[in-house]
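Here is a walk through one protein chain, meant to be read with the picture at hand. Look at the sequence and the structure first, then follow the paragraphs below.

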Amino acid sequence: MTSRRDFFKYAGITGGAVAASAVSRVAMAALPEPMIQSSSDTMAPLVPNSGRPYNPVVTLNGWTLPWRMNQGVKEFHLVAEPVVREMAPGFKAHLWGYNGQSPGPTIEVVEGDRVRIFVTNKLPEHTSIHWHGQRLPNGMDGVAGLNQPAIQPGKTFVYEFVARRPGTFMYHPHADEMTQMAMGMMGFWVTHPKTKHPLIDDVQRDFCFLLNAFDIDPGSYTPKIMTMLDFNLWSWNSRIFPGIDSLNVRLNDKVRIRVGNLTMTNHPIHVHGHEFTVTGTDGGPTPKSTRWPEVTTDIAVGQMRQIEFLADEEGDWAFHCHKSHHTMNAMGHNVPTLIGVDHRGVAKKISNLIPDYMVMGERGMADMTEMEMPIPDNTAPMMTGEGPFGSVEMGGMFSVLKVRRDQKVADYKDPGWFKHPEGTVAHEYTGPLKEPARFKAEGGQSMPRIQKPTSTTEVKVRKPSSHNGH
Ligand SMILES: [Cu+2]
């Protein structure tokens with residue numbers, strides 16, 4: 001892999017926008033040079049330097065694939081290959097993806113563009129790509145066996161179609177799908193409108209990411225591909241909190257976030273401090289009459305949702321999946337609830353036998369974030385992330401929407417933690433505490449009983465054997 005990377009010299013890829021329209025010297029202009037991304041950072045939006053103009057998206061912890069124009073056709077080159085993805089600092093996974101990363105690069109085109117995509121298969125098994133949601137000729141739909149022969153290892157296929165309708169799409173294999181999606185093969189696709197569209201508003205910030213999930217045992221690198229539902233890593237673009245970059249916007253920006261779900265369960269995606277509307281699905285922009293305010297929207301398996309809101313409240317706002325076990329990282333979850341159980345004495349005895357033994361959960365699980373428990377190498381902590389007030393106690397599908405008055409136009413840099421105005425942070429109360437006024441059975445503020453019970457009813461317990469013979 002290293003020699004191939006050296007060979008292609010991916011100049012200009014690190015730390016910012018990538019030069020578009022690269023033409024390979026070695027491929028004699030037959031194929032667009034495959035751009036490879038080695039970083040899992042959020043790359044700056046790729047402002048188009050050829051074709052129709054548009055306001056580009058920002059892929060969370062990802063990037064947009066440069067293209068070249070070839071006689072009016074936008075040409076892209078995707079390489080399906082094994083990749084190493086840093087899912088969070090200190091935790092790397094051996095996945096499959098496209099052009100160096102999982103997910104693959106975002107493809108951005110304009111409504112009406114003729115698009116040609118070369119797909120080179122460097123996986124050890126056959127693959128194909130399905131262009132989820134697109135209107136296209138049936139033979140370009142990418143279902144191996146049904147619409148085309150599978151792309152064998154070492155082969156390159158060409159897909160070509162016109163991006164007929166604007167909106168939010170994704171791509172993924174339709175060959176040995178369970179394995180290939182469990183390994184991280186997927187990518188985002190955005191088709192921008194050609195002209196002003198009555199149902200598509202201009203926005204100042206346009207983010208996109210895919211929901212995905214992996215089952216990687218603590219201390220190992222490769223996902224278990226036979227897992228159907230019980231995944232242990234819930235990720236956005238194959239990143240887990242605190243590895244997911246924040247969404248940094250300027251106060252009063254109109255913000256669009258596009259999300260696609262390629263996991264095997266639904267995710268109620270929730271934003272704090274603002275209300276949004278769902279303005280589009282993978283079926284296209286939604287009619288205005290169907291839009292209502294929400295703070296959470298459920299994204300079902302195989303669905304895409306586009307949410308929009310005015311970022312008019314300054315601060316660091318949590319943005320996450322509302323399933324609480326999806327904001328945790330790999331853990332053993334066959335753990336009994338031990339809240340209220342006093343372990344003193346027992347722990348000492350056990351630690352004589354097992355030196356690393358630790359007590360978990362007698363006051364809830366928050367203690368876990370403060371404990372220095374030995375964990376295997378290459379394992380993400382279960383709940384972590386240092387915030388300005390301590391541990392955020394989160395993992396998985398969690399990030400922060402940072403709304404700042406002084407964030408510059410089109411600047412996506414992390415502004416750091418929010419500086420709260422004086423007197424606007426919840427704080428400890430140190431004054432006198434009154435006895436809480438507890439409810440009385442009678443004579444309180446509740447409706448009085450109509451009549452006093454004349455007798456008390458007790459539950460009668462019968463032995464199972466006494467059921468016989470009646
Ligand atoms: Cu979720």
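The text goes from the whole chain to its strands, then to some single residues.

This is a predicted model. The chain contains 3 helices and 23 strands. Of its 470 residues, 38% are buried. Among contacts between residues at least 6 apart in sequence, 73% join residues at least 24 apart.

How far can the coordinates be trusted? The mean pLDDT of the chain is 85, and 77% of its residues reach 70 or more. Over residues 1–28, however, the pLDDT is below 50, although this stretch has 46 contacts in the model beyond near neighbours in sequence. Residues 466–470 also stay under 50, and the model has 1 contact for them beyond four places in sequence. Where pLDDT is low, the predicted coordinates should not be read in detail.

A useful place to begin is strand 3, which covers residues 73–88. Is strand 3 mostly covered or mostly open? Strand 3 is mostly covered, since 12 of its 16 residues are buried. Strand 2 pairs with strand 3 in the antiparallel sense over 3 bridges, and Asn70 has Val73 in strand 3 as its bridge partner. These two strands, strand 2 and strand 3, form a hairpin with 2 residues between them.

Gln71 is found in the loop of this hairpin, between strand 2 (68–70) and strand 3. Its phi is near 50 degrees, a positive value in a residue other than glycine. Most residues other than glycine have a negative phi. Is Gln71 buried or exposed? A residue with 12 or fewer other C-beta atoms within 10 Å is called exposed. Gln71 has 6 such neighbours, so Gln71 counts as exposed.

On the other end, strand 3 and strand 4 form a second hairpin, again with 2 residues between them; Gly90 in that turn has a positive phi of about 85 degrees. Strand 3 and strand 4 pair in the antiparallel sense over 8 bridges, and one bridge partner of note is Trp96 in strand 4, which is paired with Pro82.

Strand 3 also pairs with strand 6 (residues 114–121), and here the two run parallel, joined by 8 bridges. His77 stands opposite Phe118 in strand 6, and Ala80 stands opposite Asn121. Strand 6 in turn pairs with strand 8 (residues 156–162) in the antiparallel sense, over 7 bridges. In that pair, Thr120 stands opposite Thr156.

Further along the chain there is an open sheet of 5 strands, in the order 13-23-20-15-18, with mixed pairing. Strand 13 (247–250) and strand 18 (296–299) stand at the edges; each has a single partner strand, so one side of each is left without a neighbour in the sheet. From one strand to the next, the twist averages 20 degrees. At one edge, 4 bridges join strand 15 (residues 267–271) to strand 18, and the two run antiparallel. His270 stands opposite Thr296 in strand 18.

Just before strand 13 comes a loop that holds two residues to look at. Ser246 lies in this loop, between strand 12 (233–236) and strand 13. Ser246 is partly exposed, with 19 other C-beta atoms within 10 Å. Which residues does Ser246 touch, not counting those up to four places away in sequence? They are Ser399, Val400, Lys402 and Asp414. Ser246 and Asp414 are 168 residues apart in sequence, but 7.0 Å apart in space, C-alpha to C-alpha.

Pro242 lies in the loop between strand 12 and strand 13 as well. A cis peptide bond joins Phe241 and Pro242, with omega about 10 degrees. Another cis peptide bond joins Ser102 and Pro103, with omega about -5 degrees; Pro103 lies in the loop between strand 4 (91–98) and strand 5 (107–110). Most peptide bonds are trans.

Ala410 has a phi near 65 degrees, again a positive value in a residue other than glycine. Ala410 is placed in the segment after strand 23 (398–404), and is partly exposed, with 14 other C-beta atoms within 10 Å.

The last topic is the interior. In soluble globular proteins, nonpolar side chains tend to be buried together. Here the largest nonpolar core has 83 residues, and those with the most contacts inside it are Met170, Trp189, Phe207 and Leu233. Leaving aside neighbours within four places in sequence, Met170 is in contact with several residues, including His132, Trp189, Leu210 and Met304.

Conventions:
Residues numbered from 1 in each chain as written. Predicted model: local features only at pLDDT ≥ 70, side-chain atom pairs only at ≥ 80, totals over all residues. Pairing = 2+ DSSP bridges. Axes fitted to C-alpha atoms, helices over the stretch in contact; angles between N-to-C directions. Buried ≥ 20, exposed ≤ 12 C-beta atoms within 10 Å, placed from the backbone. Contact = placed C-beta atoms within 7 Å. Core = buried A, V, L, I, M, F, W, Y, C linked by C-beta atoms within 7 Å. pLDDT = per-residue confidence, 0-100.
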